[in-house]
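Please look first at how two chains of this structure meet, and then at the surroundings of a single residue. The paragraphs below take these topics in that order.

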Amino acid sequence: MAQIFHRSANTISRVTIFGAIFIAGFILWVIGGIVRSPYFTNQGIEREQIVPFSHQHHVGGLGIDCRYCHTSVETSNFAGIPPTSTCMNCHAQIWTSAQLLEPVRSSYATGRPLIWSRVHRLPDYVHFNHSIHISKGIGCVSCHGRVDKMNLTYQAMPMTMQWCLSCHRAPEKFVRPRNEVFNLAYESPNQAVDGPRLVKEYKIQSFTHCSTCHY
Amino acid sequence: MATTKDTAPVHEVRPTTQELRIPTRFIPTPTIEPGHSFATITDHISTIVLRKKTPLGWLIGFLISMCGVTLMLVSITYLIAKGVGIWGVNRPVGWGFAIINFVWWIGIGHAGTLISAILLLLRQEWRTSINRFAEAMTLFAVAAAGIYPALHVGRPWYAYWLFPYPNTMSLWPQFRSPLMWDVFAVSTYAIVSLLFWYVGLIPDLATLRDRATNIWVKRAYGLPALGWRGSAKHWHRYEHAYLLLAGLSTPLVLSVHTIVSFDFAVAQVPGWHSTFFPPYFVAGAVFAGFAMVLTLAIPARIFFKLEDFITMKHLENMGKIMLATGLIVFYSYMMELFLAWYSGDPFEIFLAKMRLVGPYRHMYYALIVCNGLAPQMMWFKRLRTSTFWLFLTAMFVNAGMWLERFVIVPVSLSRDFLPSSWGMYHGTFWDWSLLIGSIGLFFALLFLFVRFLPMIAIFEMRTLLPEAKAHAEGEAH
Amino acid sequence: MSDEKSLTYSDFRKRIGDVKHPEYWRSLDELMRSEVFDDFMHDEFPRQAAALTSGVDRRDFMKLMGASMAMAGLVACNQPDQKIVPYVNQPENLIPGKPIFFASAMVAGGLAKGVLVESHMGRPTKIEGNPDHPSSLGASDSFMQASILGLYDPERSQVVRRLGEISTYSEFLGALQPVLNAARANGSGLRVLTQTITSPTLGNQIQQVLAQYPGSKWHQWEPAGGHNAREGARLAFGGYVNPVYHFDQASVVVSLGSDFMGEGPAHLRYARDFMSGRRVRRGSTTMNRLYAIESMPTQTGGCADHRFPVKPSEIEGIARALLGVAPAPASWVSAIARDLQNNRGRGIVIAGDEQPPAVHALAHAINQALGNNGATVTFTDPVEVAPANQLESLRELVTDMNAGRVSALIVLGGNPVFDAPADFDFRAATDKVPFRAHLSPYYDETSYHAHWHIPETHYLETWSDARAHDGTVTIMQPLIAPLYNGRSAHEILGALIGGLDLSPYDTVRSYWFSKGANEISWRKWLNDGVIAGSALPVRTAGASGAIPPATRQSGNGATGVEIELRPDPTIHDGRFANNAWLQELPKPVTKITWDNVMIIGPALAKQIGFDADDRDPLVNEKQTRMVDVEYHGVKMRMPVWVVPGHAEGAATVFFGYGREHGGAVASEKGKGFNIYRFRFSDALSGGAGARITLTNDPPYPIACVQEHQSIDPKDVGERGIVQSASFTEFQKDPEFARERERKEAGESELQGEAAGEPYDQQMYPPYDYSKQHAWGMVIDTTVCTGCNGCVSACQAENNISVVGKEEVVREREMHWLRIDRYYRGNPENPETFHMPVPCMQCETAPCEPVCPVGATSHSIDGLNDMTYNRCVGTRYCSNNCPYKVRHFNFFHYADYDTPALKPMRNPDVTVRTRGVMEKCTYCVQRINAAKIEAEKADRPIPDGEFTTACAQACPTDAIVFGDLNDKSSRVAKLKQEPTNYALLPGLNTRPRTTYLATVRNPNPEIRG
């Protein structure tokens, strides 16, 4: 009777049988990598904006405080997007003819609001409150990165639950003095000492039970 | 790779009595009708598989079961599109047909492993002719059961959250939940019984490979045969592997249904919250399993003329086992009532009362008739040895075991602690369609199996032949 | 919920854009105009990640494909680009993301109930009671709560219609002018029909109209407008007076068929006052007593210490007996009379709206005789602008219309074609009127038969004013610009007067400034929601006149069944028929939703051959038989329903159902049966002579959320769900509830305790609550009236979906908080118990360990968290919950698609998707908000700074929520009360929600 399989069949079968396990493992590993990649977390994507607003210029360059525009960041869950009138406070005087600022002026004139594309987005079932984080000494930079170095704003952090928990489980690694909260450049000389001290001082509870964010 | 030249011609077959030696007193009546030789067995069984033209009966049966499969696919699609609301489940009765059917199938899936593994270890040689498709039945029952756990949840597309895997939420599943334990128990069981069944198949796959004429068929059987040549070394390894798997799956027979029963026993719903559920469920499972084996074996042996291999002795033994396990199950029902009364817990007592006189009483009485009374027929040898009565009893038990789960799941839920939240449960069209669909799936797989694989272990049958035995006896000295 | 999709977003925005706005709302106006307001709302209003709507549409198939699990998981990660729309000029008092509260008032039956409206960035989302308002005292009822849905209801009328064709307001004004000129010229002809009006401004405008148009007349018709009470007062005192009852002063109250705690403009206040005399605490020595003599078991009757089911017609005889001018028909009557005598000046006898004027007069006479008038009952001038016999007023209008004396009929609000007495045949009469205009929020029956229909503004959309039951005035201010191009009565009347340019704002403001208001006082009034000291002065009612002659021969002479017509408890006279929240709200006693039925007692049921007991009493009733009812020559076929404790030989039906037009919810989903066909001008609240016969029609499905389970041990075993005792028993053994609790805790635990083992053994390590708050709740079942206020409040606060009649029949209603109703005793006249059941927030919760994905878990302050977005929907938790307080989205109940409903939702609560479990969380969004504020200020949370929606709404303060770790908190103190007990203690779930046992104060003289 003729051969029904070529010799190589032996090797092939062995390889496939043992290989299967490793291949499966590899595929899972790749998927795990993908969901953590910036592609999925939308990190580093510079959004097109109606006005190419540069934090680098306004914050880094002119040194405008975050709260000048994001007025409700200390009082509300929502940091607040500045109304057109805020822009016009300055731009009624300076760059009054700049083409870039045409939308701002027309918005102010017509009363039609400027429409920005959202950069940082949490799912609707996550209830995040800016004010409490600010008052507990979590710096803007901890979540938003060095916006003072961003020309067009992008999302710097992954914003995954894992990432949130990394701080909620160990706030001492991130907490900073309240007066440095809005200082994007601040680096603690000695976080290992300051962290625990501030956690005690600010009575940081850093909850991790579900209804802290989900309800 | 092996050429057929040195593959075992019949006389070279190594008897396997090292592990399978049966003291003569255990074989008063032959488990294979006289007048068979190695050749006839091999012929008879393998031709069923290798014959060119498919029998008409098979085609019809297969078509019917495929209709069932289609129905299943339709109802699954509709389910995912609309939500579990298409079923009769509600508040308070959160679990309905899906769970009932799941437990029912898993239960049926027990006989296979029991027959193959435990009876093997117990040296019950009469098992040899039925173990193969008992195992197949196990697999297909587990497959049928497998469609429910994922589908019964509200958001099936997130069902994978039940598996512990590293995720960006840095969350683990809740390991305290019996449903978690189910995930592991059932998947383990499915894997082991698959391996067990496959290993058992290897020598026969080789036989089929060798007897097949068409090169592609040869390849088709040859690939899974893994180059089996039946050499002494092969047999030696083979039997070790087989025994190991048998030993491995034996505890599973007990563990799976024990853990399934935890889904209920761990909860505090009156009628569920009970410590004797594990043995009760396991017994019930064996009970259901053998009933199903009979349900399949009796028509199969007639249709494929296997009376010689699946003898009345097999059927009778299975009848006996049904009787034994049936008695345990019946005892459990009585214990349920007794414990309810003995607990003094008003809720348990009330629920027991509800089973007897409540809105679902007819279900309960039907259950008692099917699982309690019907098996009593097996006391009588005349009925035990009549395929008709055996089949009838088996059918009763199949229905009864489903009713048992109905009485446990929705009936208990419908009358729990606060009268204000009592409810009623009725299966809807989609409940039934999925049940029928899963039955269709089960039989479709089974039909494929009997067509393309030897439904009786050829080589093991050979070992039942007197000459094989003589050979074995001789060698033993 | 409405399936109507016809309202595309652009019209929505356009309509808002087009209307004139008061200056006040300029900024909102601009917000509304913005191109991507809907995107903005997408950002603002929570939706679930997985959006599988119930229909099989494209998205579903995406999901079906994506049912390859992993994909579905990942899809959620990549979110579409979203827009943010800031203000152009931000109002300085507005902090984005923080709600603001405005005071206003909801008008029901013409009278005001003060409200505080929560507004999220210009969108009203929640109604609370105004603590400063005399009729509310901070409490709210289901009408107030559900009015927020009424505001956004996409089925509200949205355009001016002329003969059904879409038209414009200016065209209407154009068409109106010639009519007015004619009316001015040849006098008469012009008629204005309104409902009861207490608004001083409206009154003033109407007076101007009447002055301008010689011979023009003003008619009033309020279908359930307390006509008998008004006439009764006149009968007693020879003129219209407005009685104000002070139940907090009363120690004995006798209700002659009055549901004063469930109905009427002041029921919230009356319930609070009455219950203030019933808060049984450690060492209480006094407790007031309530006798309810009524036919239909009402909320009031359910709380009574003695309830006597009698035919409506028998009440008059009893009243006479109480007054002592007739022999007592029964021993208990004289017992009550004695009790009243012993409490002279401390009693109240109050008659129900369904009772004839004579009974009201008798009640006044009794109060007079007992010296209650002036003490527990005071009188003021009528709160109505023009108190009148509205029935006669309407009769006159109809006669004139039939006689062709009416040239123009302006109907301001109301729906007379639907709800006028049947014998008036109002519709036919209107056909003789050449010009008919109807102002109404829905395109309803009357609108269909009017030449002109003008959409009416919701009370949250316009300026107005109204009086409370004691006359206190509230200036009503709008929370949002009219969504659907509505107009208010002020504008229409303005048009009649000729002040076309006057906005309601100008009208109201100028009226009050003419009455001496100034900018400061005006601002204060708006801020307070009441005009301080505007309550009408107390006056003497004048001596009660002669005893009115017997009108109805008590009982005898009446053939057939006596039928009583009452306004529906949830959709009132039909005006709320299109409000799905109210439709699905279980009616207080019957627990029926989406329907009205013929309610009879058990004995009558047997008589007509409908034996409620032939059905296994333990089987749930989801259907009933149809009966033919013949009354006054009108035949109607409707479902019958047996209510234990209903008077024999009598039947009760709620009117308000049977709408033909006015929204799909009203006229299709919750149609019911039109009882107005039984309502005749000579017997507005029904009468004797009805014949009820059982038909062989197929059973009629009834969406009843709780059947007649008794808690009689012989039926259901000793469960100890409801703990109750009489006041004397309580004084003997204040711990009675605890004793039983111990018993129910079961032998095992007790032995365990004996063996020195802690009672609270548990498998898993216990939590430590000492460091954090420990939220808890106590519900006083003695003072709960089962009014449903809490249920609606919960629905509004937590974005709870409506599921519809079919789903309720399948036992899938979603209310997180339900009110269980239990009976004890014989079905002829059982004792009724109400038990609100929210999530118990068990400390050792059975639901937690069984969830395979940990979607329900324990919070550090003892809450039983439910994480919707983690839930896969195994329903195991619900099975294992002994209280069955978990609710599952079997389908996609939440309406994601109707744009009009998006701004309504509470932005702080996730809107749940299909396949997810949900439950009460003690309003965790409020807890977190309060905690955050306290943390920021580094201060503790003072008790009562915030509370749950249910506790805030409760009129009788039966629900108390707070921090158990704060030993001085009210809730912590109540937990120490002797009557405090846990539900199902034997399960060792250690619930955070506990109950105060029901204590009643029966009269020892009366047996049974």
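A salt bridge is here a side-chain nitrogen of Lys or Arg lying within 4 Å of a carboxyl oxygen of Asp or Glu. By this rule, two salt bridges are found across the interface of chain C and chain B in what is a predicted model. One salt bridge joins the side chains of Glu813(C) and Arg91(B), with an N to O distance of 2.9 Å. Polar contacts also cross this interface, where the rule finds 30 residue pairs, both partners being at pLDDT 80 or more.

On the side of chain C that touches chain B, at least two residues each are supplied by several elements, including the helices α4 (58-65) and α5 (69-75) and the strand β33 (818-824). The largest share, four residues, comes from α31(C). Sorted by character, the residues of this side of chain C comprise 35 nonpolar, 17 polar and 19 charged.

The contact as a whole draws 71 residues from chain C and 65 residues from chain B. Between the two chains an area of about 5,800 Å² is buried, and carbon and sulfur atoms give 58% of that area. Within chain C, the residues that lose the most area to chain B are Arg719(C), Arg870(C) and Tyr876(C), which together make up 12% of what that side buries.

Turning to a single residue, Gln158(C) sits in the loop between α6 (142-152) and β5 (160-162) of chain C. Gln158(C) counts as buried because its relative accessible area is 11%, where buried means under 20%. The side chain of Gln158(C) reaches the backbone oxygen of Pro154(C) at 2.7 Å.

How values were computed. Residues numbered from 1 in each chain as written. Chains lettered and ligands numbered in written order. Predicted model: local features only at pLDDT ≥ 70, side-chain atom pairs only at ≥ 80, totals over all residues. Heavy atoms only, no water. Contact = heavy atoms within 4.5 Å. Buried area = accessible area lost by both parts, 1.4 Å probe. Polar contact = N/O pair within 3.5 Å; in protein donor to acceptor, adjacent residues only side chain to side chain. Nonpolar A, V, L, I, M, F, W, Y, C, P; charged D, E, K, R; others polar. Buried < 20%, exposed > 50% of the residue type's maximum accessible area, 1.4 Å probe, protein only.
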